[in-house]
Amino acid sequence: MADVAEERRIVVAVDEGDESMYALTWCLKNFVSPNTENTFILLYVRPPPPIFNSLDGTGYLFAEDVVVSMEKYSQDLAESVMEKAKNIYKNFDNVKVEKKVGLGDARDVICEMVVKLGADVLVIGTHSYGFIKRTLLGSVSDYCARNAKCPVLIVKR
């Protein structure tokens with residue numbers, strides 16, 4: 001009986017931080033099996049654009065060219081993160097890589113995308129915030145561990 005390669009879809013949440021790139025590197029070195037077809041889906045979530053209420057007057061502070069500049073910066077940042085990730089995975093021939101960019105709150109988008117993409121596992125880095133920072137800022141990795149509809153691997157540096 002011939003060995004049939006199992007296919008795994010691994011979503012790796014990436015951002016500008018070193019923690020997510022470390023998680024990608026760790027995953028490539030420790031989680032990839034030679035008997036498995038591995039598809040890595042790099043997921044970057046752009047924050048939503050700011051919303052301004054026209055009644056409070058602050059909407060007038062942002063002219064259309066400023067909004068366009070902010071959008072361009074956000075797109076450039078996404079491309080920069082994906083290029084940084086490419087430098088990490090380019091030496092691994094046994095993985096296919098797809099790139100996805102979402103828009104919104106990272107916690108919600110990541111949990112929605114693992115379902116939409118049919119992820120077998122979600123890999124996410126952690127900033128290792130202390131209790132106070134985690135309470136004030138929230139933890140994307142903690143939220144995903146509780147709410148994602150697939151196993152979650154949190155990689156700590």
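Two strands count as paired if DSSP finds at least two bridges between them. Keep that cut-off handy for these exercises on a predicted model.

**Exercise 1.** Work out how β4 and β5 pair.

*Solution.* Start with the bridges: strand β4, residues 121–125, has four of them to β5, in the parallel sense. The cut-off is at least two, so the two strands pair. For one concrete bridge, take Val123, whose partner in β5 is Leu153.

**Exercise 2.** Lay out the sheet and find its edge strands.

*Solution.* First, write down the strand order: β3-β2-β1-β4-β5, an open sheet of five strands with parallel pairing. Next, look at the ends. β3 (95–103) and β5 (152–155) each have a single partner strand, so one side of each lacks a neighbour in the sheet. Then check the twist: ignoring direction, neighbouring strands are turned by 25° against each other on average.

**Exercise 3.** Which strands does helix α3 touch, and which does α5 touch?

*Solution.* Take α3 (residues 106–116): this helix packs on the sheet against β1 (6–14), β2 (36–46), β3 and β4, and its direction makes about 150° with that of β2. Now α5 (residues 140–147): this one packs on the sheet too, touching β4 and β5, with its direction at about 165° to that of β4.

**Exercise 4.** Zoom out to the whole protein chain and describe its makeup.

*Solution.* Count the elements: five helices and five strands. Read along the sequence, they give β-α-β-α-β-α-β-α-α-β. Now for contacts: of those between residues at least 6 apart in sequence, 80% join residues at least 24 apart. Finally, burial: 34% of the 157 residues are buried.

Methods. Residues numbered from 1 in each chain as written. Predicted model: local features only at pLDDT ≥ 70, side-chain atom pairs only at ≥ 80, totals over all residues. Heavy atoms only, no water. Helix = DSSP H or I, 4+ residues; strand = E, 2+ residues; numbered from the N terminus. Axes fitted to C-alpha atoms, helices over the stretch in contact; angles between N-to-C directions. Contact = heavy atoms within 4.5 Å. Buried < 20%, exposed > 50% of the residue type's maximum accessible area, 1.4 Å probe, protein only.
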